[in-house]
Amino acid sequence: MTAVNISVIGGTGYVGLVTGLGLSEIGHQVTNIDIDQDQVNQLNSGNCPIYEEGINPVLKRNLASGRLKFSTDLESSIKGSHVVFIAVGTPSLPNGNIDLSQITEVANQLRLCIDTYKVIVIKSTVPAGATKLIRKILTDGVQGDRFDIVANPEFLREGNALADFFFPDRIILGGDSDKALSIIKSIYEPIIERDIFVEGIDNPPKEPYLVPVIQTDIASAQIIKYASNAFLATRISFINEIAEICEQVNADIKEVSKGMGYDSRIGHSYLEAGLGFGGPCLEKDLSALINTVNQDECETELLRSVLNRNDKQISSVVKKIERLLDKSIHNRTIGVLGLTFKQGTNDIRNSLSIRVIEELHKHGAVVQSYDPVVKNEILAIHANVKPCDSAYAAAENADALLILTGWKDFLSLDYQKIHSSMANPCIVDSRNLLNPSDMIALGFKYLGIGATGHDS
Ligand code: UGA
């Protein structure tokens, strides 16, 4: 593989950072560009703003090797690069559409810096029409073909992002230029050939086959990304609905998921019933997919119901607490364990924990919270939550303990101690993390999702 000079725009954000780290780790010369001077300085000194398994050693190693640097100087970085990855944010607008302002801003700046031929790679998740817009901005008033665009959607899961980058299930490349597609393929060569070992993260066994590369048109590449997230969300809403059915007939959702997953046509992934899907991606992408189509010509009833089902999980968890506390949670103290949208990350963007807390407040409850990696950040969203230093402090004198994130740390707590410190020892476990019979044996009233526990 030949090392390539690469710029990653949006280089301190989640996707940009992991992309830049990954590309430098496999041997390329990478500049991660961002407008946030403070984050750029922090990263250049080896301090990583995100909590992600294995990220610190990879960052430090690549800074030290000189293959990776962070910069706010877009113009000189772009002029020295052959390939430019765009990984800026594409947040949702209130109507569910995608806010493309960061992408268009970047395109406007790029237009002025493209001096020699470059491949522009779209990593950000954008609807197919956005690429036309980027192309239009880049060619505005400019003669000749100075660039090609390749859509290369990311499939990184927070908490597992480095492993997902280095050992992907597939690489999707959308574009109409064979030259550009072959440049990007050659950049990924060590990954495609599974010819890498990354120190500091779990490396899966080397497989004797190549990572599949799907070369397609831009619109299909972008729909592959949206459809994948929509499908994962659909599985989660599906299993949450089955969990509710389990509660009616006293079946155990964990057994049901296990039994279903052994069918090779179904598989075990994304069949864990719980609080639903949170975080910055699944809901946003599902809404965007629904909003990209003309509803008069294409009905998206199924996708809408996936979102509705997810919303329902919030109120259903609050109802479980009410059930354990004899209907009213007004003025009752609820200890909340877990604020991040899932374990393994410090991300609280669109965390369902935050929405549950909002619902608890609406019902007049008093909330004290604990999370292994997030503490006072919650105060910026809910000023009247009491952030605690430990799970024990969050449980103390509480009328109910509510597990909202599946952190493994919560498995090894001393639940005997928690039982004796609570005003009213009951647990609602919205991630089905604990063993119900152990909790019931300790004297807790316990409810999970999908009849994995019952009132003692
Ligand atoms: C998701 C996709 O999994 C990635 O492939 C994609 O690249 C990323 O979005 C993105 O578009 O950037 P992520 O949002 O990091 O990744 O998180 P997931 O691991 O997919 O989990 C999403 C939510 O679903 C979490 O709240 C999680 O707790 C929940 N979940 C997941 C369940 O409730 N049940 C499950 O069985 C699995």
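Trainee: How many helices and strands are there in the protein?

Mentor: This is a predicted model, and the protein has 17 helices and 14 strands.

Trainee: What makes the protein as compact as a globular protein of that length?

Mentor: Set the two values side by side. The radius of gyration is 24 Å, and the globule rule gives 23 Å for 456 residues; those are close, so the protein counts as being as compact as a globular protein of that length. If you want its extent, the C-alpha trace spans about 75 × 50 × 45 Å along its principal axes.

Trainee: Okay, and what share of the residues is buried?

Mentor: Buried residues are 53% of the 456. To be called that, a residue has to have under 20% relative accessible area. As for the outside, about 20,100 Å² is exposed, and 50% of that comes from carbon and sulfur atoms.

Trainee: What share of the contacts joins residues at least 24 apart in sequence?

Mentor: Take the contacts between residues at least 6 apart: 71% of them join residues at least 24 apart.

Trainee: Now P425. Where is it found?

Mentor: P425 sits in the loop between α16 (415-421) and β13 (426-429).

Trainee: And how do you know which residues P425 is in contact with?

Mentor: The test is heavy atoms within 4.5 Å. Leaving aside neighbours within four places in sequence, H419, G443, F444 and K445 pass it with P425. V306, by comparison, lies 34 Å from P425, C-alpha to C-alpha, and 119 residues away in sequence.

Trainee: How far apart are the mean positions of the positive and negative charges?

Mentor: They are 0 Å apart, for 42 positive and 56 negative charges.

Definitions and conventions:
Residues are numbered from 1 along each chain as its sequence is written. This is a predicted model: local features need pLDDT of at least 70, side-chain atom pairs count only at pLDDT 80 or more; totals for chains, interfaces and linings use all residues. Side-chain values use heavy atoms; hydrogens and water are left out. Helices (H or I, at least four residues) and strands (E, at least two) are DSSP runs, numbered from the N terminus. The radius of gyration is taken over C-alpha atoms; the globule rule is 2.2 Å times the number of residues to the power 0.38. Buried means under 20% relative accessible area, exposed over 50%, partly exposed in between (1.4 Å probe, protein chains only). Accessible areas come from the Shrake-Rupley method with a 1.4 Å probe; for residues, only the protein chains shown count as cover. Lys and Arg count as positive and Asp and Glu as negative; His and the chain ends are not counted. The place of a charge is taken as NZ of Lys, CZ of Arg, CG of Asp or CD of Glu.
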